[in-house]
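Visitor: I'm new to reading protein models. Could you walk me through one, feature by feature?

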Amino acid sequence: MIPLFEKYLSASVNIEYLSLADLPTPVIALKKLGGVLGIDQLYLKQDGLSGHLYGGNKIRKLEFILADALAKKVKTVLTFGCVGSNHALACGIYAKQLGLRSISILMPQANATYVRRNLLRSALSGMELCYYPAYDLAMQGAEDQKQICFERDGLWPYVIPFGGSSVLGVIGFVNAAFELAEQIAAGLLPVPDYIYVALGSMGTAVGLSLGLKALGLKTIVKAVPVVGSQFANQTAFLQLFREVNQFLSKADGLFPKLLADNFEIVDGFLGEEYAVFTEKGVAAVMALLDNEGMKIENTYTGKALAALIDQSSTCQDKSVLFWNTSNTHDYSQSIETVNYKVLPNNLHYYFESPVQPLDQDN
Ligand SMILES: *Cc1c(COP(=O)(O)O)cnc(C)c1O
């Protein structure tokens, strides 16, 4: 049984769950990077290895979301993202594994090598890729796609929001906090003073913050926005925290009502906008590769690690955990034979125009 349900048995009765991920993910001591930064107690939570088909943070959310979709007997799931979306890709891969169709409603972003890879891998999963050149067109397109789906399946598709940060998705990260607590109890790491994590659709950081609070741990979640403040901000964080808290308290009367006073939004590392790489982010990605031989990426994790590195002087006597939310499994071989011309025409642009200048294909 998963750690959250061991503690909250009624929740296990009332909440659908499906095991998809390889859990628990490892905790690794970053001895060399810690040495360079002067942080004795620096650790990494390796969610990059969370799924053997495709790792990263999204699979933890999908365990709850796709379980709910199956329980509702839908045939198709529909989700949203920018063209390089790791969430849309994870959805396509794990929906296929469960015999569900998938549709992604995609929107523009800065071009990068990983965008091309993710698009090709999504196509390989059989996901239907629908690209729109602007947000409002995408919202209209989504309505059209739902209708088409209804006419085909006789059922509406199951809609999954951006980044999988529905209430159910966030519970994946409440459970992740409980998983971490077991690793702390087993002596794999001390209770972190700080957890540094990227903040996008917020489900990851909100779930961790709620879970840590429920556990009574002193850890502060340092959430580093990698999207604009219209999407990730204090108010929206608190709102999502409250919604998930209410849901869990309803699912299990023993789950406490909690105060979200254990997180901090660390601004200043987003750069120009979402998915535009930054000098500091690129340097952080290099620092982890050089010192620990581990690859992360530039849209989320590089920016979060840049914040940690920037603030390392305030972390010297603290125990610090960096939460790696990006996939580590290399799937490039599986897409070698996929030609981008099989994608819808309006996506060819991403293969025919150059990637952004700071992209060294990490
Ligand atoms: C989606 C994503 C995040 C952000 O997580 P949220 O739950 O959306 O805040 C961080 N890192 C990577 C690699 C992601 O794909």
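Guide: We'll go through the sheets, a helix pair and a few single residues.

Guide: A little background comes before that. This is a predicted model, where local features need pLDDT of at least 70 and side-chain atom pairs count only at pLDDT 80 or more, while totals for chains, interfaces and linings use all residues. Residues are numbered from 1 along each chain as its sequence is written, and side-chain values use heavy atoms, with hydrogens and water left out.

Visitor: Okay, sheets. What is the strand order in the open sheet of six strands?

Guide: First, the terms: helices (H or I, at least four residues) and strands (E, at least two) are DSSP runs, numbered from the N terminus. Two strands pair if DSSP finds at least two bridges between them. Here the order is S1-S2-S10-S7-S8-S9, and the pairing is mixed. At the edges sit strand S1 (27-29) and strand S9 (263-265), each pairing on one side only. From one strand to the next, the twist averages 25°. For angles like this, axes are lines fitted to C-alpha atoms, for helices over the stretch in contact, and angles run from 0 to 180 degrees between N-to-C directions.

Visitor: Which way do S1 and strand S2 run, parallel or antiparallel?

Guide: S1 and S2 (residues 41-46) run antiparallel, joined by three bridges. You can find Ala29 opposite Tyr43 in S2. With strand S10 (residues 319-324), S2 pairs in the parallel sense, over six bridges. There, Leu42 stands opposite Val320 in S10.

Visitor: How many of the residues of S2 are buried?

Guide: Buried means under 20% relative accessible area, exposed over 50%, and partly exposed in between (1.4 Å probe, protein chains only). In S2, five of its six residues are buried, so to speak mostly covered.

Visitor: And what is the order of the sheet with four strands?

Guide: That open sheet goes S5-S4-S3-S6, with parallel pairing. Its edge strands are S5 (128-131) and S6 (158-160), and each pairs on one side only. Neighbouring strands are turned by 20° against each other on average, direction ignored. Strand S4 (residues 101-107) runs parallel to S5, with four bridges joining them. One spot to look at is Ser104, whose bridge partner in S5 is Leu129. Helix H4 (residues 58-71) packs on this sheet, touching strand S3 (76-82) and S6, where touching means heavy atoms within 4.5 Å. The direction of H4 makes about 165° with that of S6.

Visitor: How do I read a pair of packed helices?

Guide: Two packed helices are described by the angle between their axes and the distance between the axes. Try helix H9 (residues 203-215) and helix H10 (residues 234-251): they pack at about 55°, with axes 10 Å apart. That makes H9 oblique to H10, since angles under 35 degrees count as roughly parallel, over 145 as roughly antiparallel, 65 to 115 as roughly perpendicular and the rest as oblique.

Visitor: Which residues make the contact?

Guide: From H9 come Gly203, Ala205, Val206, Ser209 and Leu210, and from H10 come Phe237, Leu240, Phe241, Val244, Asn245 and Leu248.

Visitor: Now single residues. What is the peptide bond from Leu23 to Pro24, cis or trans?

Guide: That bond is cis, with omega near 0°. Pro24 sits in the loop between helix H2 (9-14) and S1.

Visitor: Which sign does phi have at Met202 and at Ala275?

Guide: Positive in each case: Met202 has a phi of about 80° although it is not a glycine, and Ala275, not a glycine either, has about 70°. Met202 lies in the loop between strand S7 (194-199) and H9, and Ala275 in the loop between S9 and helix H11 (279-292). Met202 counts as buried because its relative accessibility is 7%. Ala275 is buried too, with a relative accessible area of 0%.

Visitor: Last one: where is Thr301?

Guide: Look in helix H12 (residues 301-310). Thr301 counts as buried, at 1% relative accessibility. Not counting residues up to four places away in sequence, Thr301 touches Ile296, Phe322, Asn324, Thr325 and Ser326.
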